[in-house]
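Here are a few exercises to help you find your way around a new fold. Have a go at each task before you read its solution.

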Amino acid sequence: MPETTRRADRHTGNRYGNRPTMKDVAARAGVGLKTVSRVVNGEPGVTPDTERRVQEAIDALGFRRNDSARVLRKGRTASIGLVLEDLADPFYGPLSRAVEEVARSHGALLINGSSAEDPDRERELALALCARRVDGLVVIPAGDDHRYLEPEVRAGVATVFVDRPAGRIDADVVLSDNFGGARDGVAHLIAHGHRRIGFIGDMPRIHTAAERLRGYRAAMEDAGIPVEDRWMSLGVTCPERVRRAAQEMLAGAEPVTAVFAGNNRVTVTVVRVLAEHARQVALVGFDDFELADLLRPGVTVVAQDASALGRTAAERLFRQLDGGLVAPERIELPTRLVTRGSGELPPAD
């Protein structure tokens, strides 16, 4: 066989073959397997010269300790799963990062994936993570029936729901005050003289959308303002649907003078519509978003703390794993009204 072929074979074998083992390290260093184990695990009983030879063999072979067997002996896989709604949604970036930081502080790896707001995909992803023996799950639910997780919970998989509650099972949940935040945002518009206020939100089956609509209705009722059906629009948050809803509210003899947007994706589309609109219209959005403070006027928002949601949920999860919790709890975090100008505009008529 030509020398070039032999070199290619060796390269292919090194790249795609089996990983080096402690036996390989022991053979290269000329020591016993137990000695390699002591060096790898930082145990005493190895002379400096022997430790140096073992470490040189480890470096030369590219050996990495296999932690899976070690953690399995302890009954843990040192990993947790995070099921998000949409990895592309900027709201979930800080939430995911907070979960990861808590996991890292406990020596655990975070594995995440997106349900794409599909209950079947959520179920498939959650069960796939359980099949890989994650220690726990943090779930932002897409569906409203989570009984499929009952066998996993009984088997010891710690589970915490975040942003939205679980459906048909009793489980820990960490939420923002969606109702109170929306009520405060709409009341802010009312306080600045608005009576015809539109609401554009997400699909009504989603807990956060339903709660924010309820907050909108409560604020209008508190002010004695009857709500007209044409002022409310719920559905998918794609720009086309939101744009159409906003344009319909802004048209006619008695258009809305203000809009309350049910989430950051809706708000961004409404900002674009209002930029094309001749008449001044006030706007308050639920969820902050990047550059909201740089627009003119800046966008007034009801801000929720995504990092706090993720951190609280993850801490709750690890308390479950450590046996520090008994009964499931519902934890509700406050929102904050951030005034920047758009929500303080008076009615144009």
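**Exercise 1. Find how strand 9 and strand 10 are joined, then work out the sheet around them.**

Start with the pair: strand 9 (residues 282–286) and strand 10 (residues 300–303) run parallel and are joined by three bridges. Strands here are DSSP runs of E with at least two residues, helices are runs of H or I with at least four, and both are numbered from the N terminus. Two strands count as paired if DSSP finds at least two bridges between them. For one bridge, look at Val284, whose partner in strand 10 is Thr300.

Before going on, a word on the model: it is predicted, so local features need pLDDT of at least 70 and side-chain atom pairs count only at pLDDT 80 or more, while totals for chains, interfaces and linings use all residues. Residues are numbered from 1 along each chain as its sequence is written, and side-chain values use heavy atoms, with hydrogens and water left out.

Next, widen the view: the open sheet has six strands in the order 7-6-8-9-10-12, with mixed pairing. Its edges are strand 7 (232–234) and strand 12 (336–338), each pairing on one side only. From one strand to the next, the twist averages 15°.

**Exercise 2. Which strands does helix 9 lie across, and how does helix 9 meet helix 10?**

First, the sheet: helix 9 lies across strand 6, strand 8 (258–261), strand 9, strand 10 and strand 12, at about 170° to strand 9. Helix 10 packs on the sheet too, touching strand 6, strand 7 and strand 9, and its direction makes about 170° with that of strand 6. Contact means heavy atoms within 4.5 Å. Axes are lines fitted to C-alpha atoms (for helices, over the stretch in contact), and angles run from 0 to 180 degrees between N-to-C directions.

Now the two helices: the axes of helix 9 (residues 178–191) and helix 10 (residues 207–222) come within 7 Å and cross at roughly 40°. Helix 9 and helix 10 are therefore oblique to each other. As for the cut-offs, under 35 degrees is roughly parallel, over 145 roughly antiparallel, 65 to 115 roughly perpendicular, and the rest oblique.

Finally, the residues: helix 9 brings Phe179, Ala182 and Val186 among others, while helix 10 offers residues including Glu211, Gly215 and Tyr216.

**Exercise 3. Is Gly198 buried or exposed, and what does Gly198 touch?**

Locate Gly198 in strand 6 (residues 197–201). Gly198 has a relative accessible area of 0%, so Gly198 is buried. That term means under 20% relative accessible area; exposed is over 50% and partly exposed is in between (1.4 Å probe, protein chains only). Then list the neighbours: leaving out residues up to four places away in sequence, Gly198 touches Tyr216, Trp231, Met249, Val256, Ala258, Val259 and Phe260.

**Exercise 4. What is the strand order in the parallel open sheet, and where does Ser115 sit?**

Trace the order first: six strands go 2-1-3-4-5-11, paired in parallel. Strand 2 (109–114) and strand 11 (330–333) each have a single partner, so one side of each lacks a neighbour in the sheet. Strand 5 (residues 172–176) pairs with strand 11 over four bridges, and Leu175 stands opposite Glu332 there.

Then add the helix: helix 7 (residues 119–131) lies across strand 1 (79–84), strand 2 and strand 3 (136–139), at about 175° to strand 1. Ser115 lies in the loop between strand 2 and helix 7. Ser115 is buried too, at 0% relative accessible area.
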